[in-house]
Amino acid sequence: SYARRLPVGAEVTRDGTHFRVWAPIRSRVAVVLENGPPVELAAEPGGYFSGFAPRVRDGARYRLRLDGGSLLVPDLASRFQPDGPHGPSQVVDPSRFRWTDGDWTGVSDRGQ
């Protein structure tokens, strides 16, 4: 079992990406990758679904298929929607972000 940092969304690991979705009225959830096979998520207690996609990395785009239907929807817990709220979601690895404010000393106690 994967020890998640956040309750839902896509989390990048060393070997791929772990997905977890809360969809309590659904019986099936799959991650449909733009460049890869779909990944059927396993049902968990409390309406959650989760699964691991090997070799899926930062930048991968995906949508969710609910109950085996043809409609593909974005992940509501996505960190990035490059084409807007109705487009595919994108996996983001926050560890790749390079902060540029390391020299900032903060605001003085006088608010300046």
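This briefing walks through the strands, the core and the empty spaces of the structure above. The model is a predicted one. A good place to begin is an open sheet of four strands, which has the order 1-2-6-5 and antiparallel pairing. From there we can visit the largest nonpolar core, which has 17 residues, and then the largest pocket, with about 250 Å³ of space.

**The open sheet**

- Reading across the open sheet of four strands, the order is 1-2-6-5, and the pairing is antiparallel.
- Its edge strands are strand 1 and strand 5 (42–43), each of which pairs on one side only.
- Strand 1 and strand 2 run antiparallel and are joined by four bridges.
- Two pairs of residues let you find this match by eye: Glu11 stands opposite His18 in strand 2, and Ala10 has Phe19 of strand 2 as its bridge partner.
- On its other pairing, strand 2 meets strand 6 in the antiparallel sense, over seven bridges.
- His18 is a handy landmark here, as its bridge partner in strand 6 is Phe52, while Glu11 is the residue it stands opposite in the pairing with strand 1.

**Strand 1, the hairpin and Thr13**

- In strand 1, Gly9 and Glu11 point one way, Ala10 and Val12 point the other way, and all are buried.
- A hairpin of three residues carries the chain from strand 1 to strand 2.
- Thr13 sits in the loop between strand 1 (9–12) and strand 2 (16–22).
- Is Thr13 buried or exposed? Thr13 counts as buried because its relative accessible area is 18%, and the cut-off for buried is under 20%.
- Beyond its neighbours within four places in sequence, Thr13 touches Tyr2, Phe52 and Arg57.

**Strand 2 and Gly51**

- Strand 2 is mostly covered, with six of its seven residues buried.
- Gly51 belongs to strand 6, the strand that pairs with strand 2 over seven bridges.
- Gly51 is counted as buried because its relative accessibility is 12%, which falls within the limit of under 20%.
- Setting aside neighbours within four places in sequence, the contacts of Gly51 are Thr17, His18, Phe19 and Leu41.
- Gly51 and Val39 are 12 residues apart in sequence, and their C-alpha atoms are 7.3 Å apart in space.

**The largest nonpolar core**

- In soluble globular proteins, nonpolar side chains tend to be buried together.
- Here the largest nonpolar core has 17 residues, and those with the most contacts inside it are Phe19, Val29, Val31, Leu41, Val56, Tyr62 and Val91.
- Strand 1, strand 2, strand 3 (29–33), strand 6 (48–54) and strand 7 (61–66) each supply at least two residues of this core.
- Which strand gives the most to this core? It is strand 3, with three residues.
- Val29, one of the residues with the most contacts inside the core, has many partners to look for: leaving out neighbours within four places in sequence, Val29 is in contact with Val21, Ala23, Val39, Glu40, Leu41, Phe49, Leu64, Arg65 and Leu66.

**The largest pocket**

- The largest pocket holds about 250 Å³ of space.
- It is lined by 14 residues, and the closest to its centre are Val21, Trp22, Ala23, Leu64 and Leu76.
- Strand 2 and strand 7 each supply at least two residues of this lining, and strand 2 gives the most, with three residues.
- By class, the pocket lining divides into 11 nonpolar, no polar and three charged residues.

**The cavity**

- How many cavities of 30 Å³ or more does a search of the whole structure find? The search finds one.
- The largest cavity has about 40 Å³ of space.
- Its lining is made up of Ala10, Tyr62, Ala77, Ser78, Arg79, Gln90, Val91 and Val92.
- Sorted by class, these lining residues are five nonpolar, two polar and one charged.
- Tyr62 and Val91 appear in this cavity lining, and they are also among the residues with the most contacts inside the largest nonpolar core.

Key: Residues numbered from 1 in each chain as written. Predicted model: local features only at pLDDT ≥ 70, side-chain atom pairs only at ≥ 80, totals over all residues. Heavy atoms only, no water. Buried < 20%, exposed > 50% of the residue type's maximum accessible area, 1.4 Å probe, protein only. Contact = heavy atoms within 4.5 Å. Core = buried A, V, L, I, M, F, W, Y, C linked by side-chain atoms within 4.5 Å. Pairing = 2+ DSSP bridges. 1 Å grid on protein atoms, 1.4 Å probe; cavity = no way out; pocket = protein on both sides within 12 Å on 5 of 7 lines; lining within 4 Å. Points joined across faces, edges and corners; volume = space filled by probe spheres on them. Nonpolar A, V, L, I, M, F, W, Y, C, P; charged D, E, K, R; others polar.
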